[in-house]
Amino acid sequence: MAAEPESEDGAEKRRAGANGAEKRRAGANGAEGRDERGAEGEAVDERGEDGDGERGGRRKEDADEVGEEERREEQASDDRGGKEAAEEENEVEGGREAAEEGREPEDGQGKEGEDEEYEDGNEKAYTDGEEEDEGEEDDEREEGEEEDEEDEEEEEEGEEGDYDDQSPVEEVALTVATFDDPALPCFTYRVMIIGSIVCALLAFVNQYFWFRTQSIIINPIAAIILSLYMGRLLARIERRYFNPDALPFSVKEHVLIGIFANCGSAFGNGNAYAIDIVTIMKQFYNVQLGFFPAFLLVTTTQVLGYGWAGLFRRYLVEPAHMWWPTDLVYVSLYRTLHESDTPARGMLTRAHFFFLITAISFCWYLVPGYLIPIVSCLSWVCWVWPTSITAQQLGSGLRGMGLGAITLDWATMSAFLSSPLAAPWFAILNIAVGFALFLYVLVPICYWGDVFAATRFPFLSSGTYQWSGALYPVDEIITSDFRLNETMYAQQNLAPYISVFFALAYGLGFAALTATVVHVALWYGPEIYQRTMSAATEVKPDVHTRLMQRYPKVPWWWFLILLLVNLAVCIAFLELNAFFQLPWWGLLLSAALSLFFTLPIGIVTATTNQQPGLNIITEMIWGYIRPGEPIGNVCFKTYGYISMTQAIAFLQDFKLGHYMKIPPQAMFAVQVFATILAGLVNLGTAWWLYDTVEGGLICKINDENFPENSPWTCPTANVFYSASIIWGLIGPERMFGPNAFYNNLNWWFLGGALAPIPFWALHKLWPRQTWLTKVHIPVMLTGVGMMPPATPINYIGWITMGFIFNKLIFTYRKDWWRRYNYVLSAALDSGVMFMALFIFFGAQVETPSVSLAWWGAGVTSSDNCPLAMCPTDPSAITTVISACPTYAGS
């Protein structure tokens, strides 16, 4: 029978002590069987040998016993057919484990392509017919030339003897499947149709919300869930009316549609970053900007970084320890939606758990999202001392130190640092240490020590002020051609000032940049050199990289053409449109800066789930080179900062495709096409709103004709406009130069470069002290650097949830964590997103919006701590905040 050679080959491999064939055969017994055996059987014995102690040793012994039973059974099953042999193996393998785990051998493995199997989420890796085909292929290989046969045997021996059959990263080993079925449909017309729809829809909705005061970002998870049913419906229609032999909707198609959705939400950022430039040019600077140059600006800023992303695949995608924690959330979601799941007694299936938590999250978010918003930040210290400025500065979770503050809102916990369930514990601990040292040690010392005249300004604020404490009069220093009015600036002594919290946050940004470069050079420099000097095949791949070797890689010249075309288009339209204020050499400088930082920042992101930004350093560099040009400054920042961000996002999606075994060329095509489509929809939506909303006054909140209660205030665009004034118009020389008020912050560049060295040196002296490898200075600095706009309550909730799930539960309830942790993260996100849409269209889309005005909605401030924004210097102007007393002493 055709399957017999496969059975003999499997017996030979098991007699050689290999695991690879067993794992592939385990795919026929259902996804849960694969998952359970991969986590508790053969895949664990390597981890047991690597130091999981007695527990790992016991698992290894159990796996050996099961292996002996399998080998004896294999001898008895050699004469059976493919289906009978597979059923017998399943019975022997599952015997004792099925009784303990509540599993039963699955039936119907010969029913290839039945709708119920796929549409109920049971993605079988192999069916009986496919086994026969594979057996025939094995026969052909065995009858081939002797040299080819020897090469194949050597390759399999290397895979099974020299390589591990699981990822060395435990979180990946517990989450990602180690099998692949290349026969599954992947890059199909269904992907292009459904993907284009969800991409355009997300791009439109997110851009529409972006202009509103109460803006929300619809992340890809909602679209991923909906697209599952769209794909199954389209597959049914095709089979019924067009092609009875059409394959069912597969998980690989679903992943590619998810990439479309991710691009539609700008990788979770909502919209294309360059829309900010277009908005301030049209609505604030009144530049006569045409649609086509704007489209080229948006597209090139989003796609330019893709051109050099291909250079870093061997550094950021193929290595196992570049594991991209956020991708595991999506891997769990896809496996939950597509694989059958027979849990142990008393436990829910992952699918049932997902939909249950989604429903709970959906219902609960009505409380913080609309009914009682104050539960997002319960700053009870302010309520105990309602008249004390100092007490409210200490207790406010939004405008103070957040001592005692509590949050019951998942959206608040995951708002700025992504999901705390997706971050590894060592990264959470690093951020917690950095947060405590910064907010509870450094900032109080500087504030109550009156460093940088701190008490003249609010404790925590991102605003810009005059020396008197009044808000900075931006409009008074701009000429008609949008340049700095030097005379007015000098006559009125309009030097800008910021809160000490904001000033120290800039210092953190300076330090994080140099710390990232030094940290990566010290800890990852040898590996980068090795991978640069040697061929990729000479570096030991993990199981996922080996499985991906069957698919053709994206040729390097695809990336080169994409890069050269983008650079040529950029140079052409920037030179033809002088109002962009960015010469061709400025573009090349920003691209070089972005290229240089892609690898070190990509390594930090791939291993810690935290991404340092280049926005501050790019603004500073161009502000020194070309002061007085605000539009040129934001263009330089966008090409330098967002090109790197997009390159890293491109690589992160490639790693997701790596985990889910998606052909790289299909990933490349989908990402480029979807990014261009999303940018076009973003710009088209914005262009439509510019001309139709509030009589063309959208975003112009300082215009005397702007409606008082209008929801179209564009908060992000107004912050972007202020940054263009401070960094582009006034320039960093007047803020951080040798004679500037904040010039001492430049020492943070040196401090950041030196900070990683002691821990690296100590590790070299005492290599057995493994905790030294977990001290991650860039993560400490970068995580805290999210404030502002992040607030202390965001960190308090994020750190607390991370400690509970990724420390306590991961340590003491690892089976529960493996099964549900990432599913829980996806479900909480989904519930919040669906309820946010419901609230928006039900109560906030109207003008004026339907809102509740009572104490639980935060009538005096968002957390009822109005005095936290008051300065404590008696000479400072306090009328900026109406609640502040005339004399600001506490």
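**Cysteines, aromatic pairs and buried polar residues in a predicted model**

Cysteine 446 is buried, its relative accessible area being 9%. This value, like those that follow, was computed from a predicted model, in which the protein chain has a mean pLDDT of 79 and 77% of its residues reach 70 or more. Confidence is not spread evenly along the chain, since pLDDT stays under 50 over residues 1-163. The model has 223 contacts beyond four places in sequence for residues 1-163, but where pLDDT is low, the predicted coordinates should not be read in detail.

Two disulfides are present in the structure. One of them is formed by cysteine 382 and cysteine 865, whose sulfur atoms lie 2.0 Å apart. It connects distant parts of the chain, given that cysteine 382 belongs to helix 21 (residues 380-384) whereas cysteine 865 is located in the segment after helix 39 (814-844), 483 residues apart. The S-S torsion of cysteine 382 and cysteine 865 is about 110°, and the disulfide is therefore right-handed. Cysteine 382 is buried, with a relative accessible area of 1%, and cysteine 865 likewise counts as buried, at 2% relative accessibility.

The other disulfide joins cysteine 699 to cysteine 714, again with sulfur atoms 2.0 Å apart. For cysteine 699 and cysteine 714 the torsion about the S-S bond is about -70°, so this disulfide is left-handed. Both cysteine 699 and cysteine 714 are placed in the loop between helix 32 and helix 33 (715-730), and they are 15 residues apart. Cysteine 699 and cysteine 714 are both buried. Cysteine 377, by contrast, takes part in no disulfide, and the cysteine sulfur nearest to it, that of cysteine 865, is 6.9 Å away. Cysteine 377 is nevertheless buried, its relative accessible area being 3%.

Aromatic contacts were examined next. Over the whole structure, a search finds 55 aromatic pairs. One of these is the edge-to-face pair of phenylalanine 211 and tyrosine 690, for which the centre-to-centre distance is 5.9 Å and the angle between the planes is 80°. Phenylalanine 211 is situated in the loop between helix 11 (189-210) and helix 12 (220-241), and tyrosine 690 in helix 32 (residues 664-692), so the pair ties together parts of the chain that are 479 residues apart in sequence. Phenylalanine 211 counts as buried at 0% relative accessibility, and tyrosine 690 is buried with a relative accessible area of 2%.

Phenylalanine 573 and phenylalanine 580 form a further pair; their ring centres are 5.6 Å apart and their planes stand at 80°, so this pair is also edge-to-face. Phenylalanine 573 is buried, with a relative accessible area of 4%, as is phenylalanine 580, for which the corresponding value is 0%. In addition to these pairs, one aromatic cluster is formed by Tyr306, Trp557, Trp558, Phe559, Phe650, Phe654 and Phe668.

Aromatic rings also face charged side chains. Lysine 282 lies over the face of tryptophan 687, at 4.4 Å from the centre of the ring, and arginine 734 has its charged end over the ring of tyrosine 489, 5.1 Å from the centre of that ring.

Two polar residues, serine 499 and arginine 546, complete the description. Serine 499 occurs in the loop between helix 25 (486-491) and helix 26 (500-533), where it is buried with a relative accessible area of 0%. The side chain of serine 499 reaches the backbone oxygen of serine 461 at a distance of 2.8 Å. When neighbours within four places in sequence are left aside, serine 499 is in contact with Phe457, Pro458 and Phe459 as well as with Ser461, the residue whose backbone oxygen the serine 499 side chain reaches. Arginine 546 is part of helix 27 (residues 543-548) and has a relative accessible area of 10%, so it is buried. Between the C-alpha atoms of arginine 546 and glutamate 318 the separation is 9.5 Å, although these residues are 228 residues apart along the chain.

Methods
Residues numbered from 1 in each chain as written. Heavy atoms only, no water. pLDDT = per-residue confidence, 0-100. Contact = heavy atoms within 4.5 Å. Helix = DSSP H or I, 4+ residues; strand = E, 2+ residues; numbered from the N terminus. Buried < 20%, exposed > 50% of the residue type's maximum accessible area, 1.4 Å probe, protein only. Polar contact = N/O pair within 3.5 Å; in protein donor to acceptor, adjacent residues only side chain to side chain. Phe/Tyr/Trp six-rings, centres within 6.5 Å; stacked < 30°, edge-to-face > 60°. Lys NZ or Arg CZ within 6 Å of the ring centre and 35° of its normal. Disulfide = S-S within 2.5 Å.
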